[in-house]
Amino acid sequence: MFDDLPPDLERLLTLRVWHVMWLQRIDTKIAAVRQREAEQEHGRRHRPPVPDWIVELGIGTGRPPTQLHTGDCYAAGKRRRPVDRDEARRLLASGLPACTHCRPDQHLGIIE
């Protein structure tokens, strides 16, 4: 049997308080990690689906569209809004440039 603990009551009680303090810290950290993981899982389950088409918007009054992208294009800027297939085709037909990286015009069957 291990008997490497101090023999006197005062030091034993000090060790007990120290271990209780560490257990509380560990339990608090475990609760925080579980909460974070639950929030991440909730976010994954409730994330909106990626749109098929997005239009990148400009700066200024009315935020005019500047370029059309596929929904998962890495080159799309932060200012954007989802559009449906018909609006994407209409925007391209009206002269809106297609992204040269994701080529939404090819996906929509519009070849210049």
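User: What makes a polar contact with the side chain of His-69?

Analyst: The side chain of Gln-67 does, at 3.3 Å. That fits the term, because a polar contact is a pair of N or O atoms within 3.5 Å (within protein, one must be able to donate a hydrogen and the other to accept it, and residues adjacent in sequence count only if both atoms are side-chain atoms). Please keep in mind that this is a predicted model, where local features need pLDDT of at least 70 and side-chain atom pairs count only at pLDDT 80 or more, while totals for chains, interfaces and linings use all residues. Residues are numbered from 1 along each chain as its sequence is written, and side-chain values use heavy atoms, leaving out hydrogens and water.

User: Why does His-69 count as buried or exposed?

Analyst: Its relative accessibility is 0%. Buried means under 20% relative accessible area, exposed over 50%, and partly exposed in between (1.4 Å probe, protein chains only). His-69 therefore counts as buried. The residue lies in strand E2, residues 65–70; strands (E, at least two residues) and helices (H or I, at least four) are DSSP runs numbered from the N terminus.

User: Which residues is His-69 in contact with, leaving aside neighbours within four places in sequence?

Analyst: Among them are Trp-53, Ile-54, Glu-56, Cys-99 and Cys-102. Contact here means heavy atoms within 4.5 Å. Glu-56 is in strand E1, residues 53–57, and at 15% relative accessibility Glu-56 counts as buried.

User: How do you know whether E1 is enclosed?

Analyst: 5 of the 5 residues of E1 are buried, so this strand is largely enclosed by the rest of the structure. On one side sit Trp-53, Val-55 and Leu-57, and on the other Ile-54 and Glu-56, so that both faces are covered by the count of buried residues. In a regular strand the side chains alternate between the two faces of the sheet.

User: What makes E1 and E2 a pair?

Analyst: They share 5 bridges, in the antiparallel sense. Two strands pair if DSSP finds at least two bridges between them, so this count satisfies the rule. One of the links joins Val-55 to its bridge partner in E2, Leu-68. E1 is also joined, antiparallel, to strand E3 (residues 80–83) by 4 bridges, where Trp-53 has Val-83 as its partner.

User: Why is Asp-105 said to form a salt bridge, and with which residue?

Analyst: The closest N and O atoms of Asp-105 and Arg-103 are 2.8 Å apart. A salt bridge is a side-chain nitrogen of Lys or Arg within 4 Å of a carboxyl oxygen of Asp or Glu, so the pair qualifies. Asp-105 counts as buried at 5% relative accessibility, whereas Arg-103 is partly exposed at 31%. Arg-103 is in the loop between helix H2 (85–93) and helix H3 (104–107), and has a positive phi of about 50° although it is not a glycine.

User: How many salt bridges does the rule give?

Analyst: The count comes to 6. One of them links Asp-8 to Arg-11, with the closest N and O atoms 2.5 Å apart. Another joins Arg-90 and Glu-87 at 3.6 Å, N to O; both residues lie in helix H2, 3 residues apart, about one turn of the helix.

User: Why does Met-21 count as buried, partly exposed or exposed?

Analyst: Its relative accessibility is 38%, so Met-21 counts as partly exposed. Met-21 belongs to helix H1, residues 9–46.
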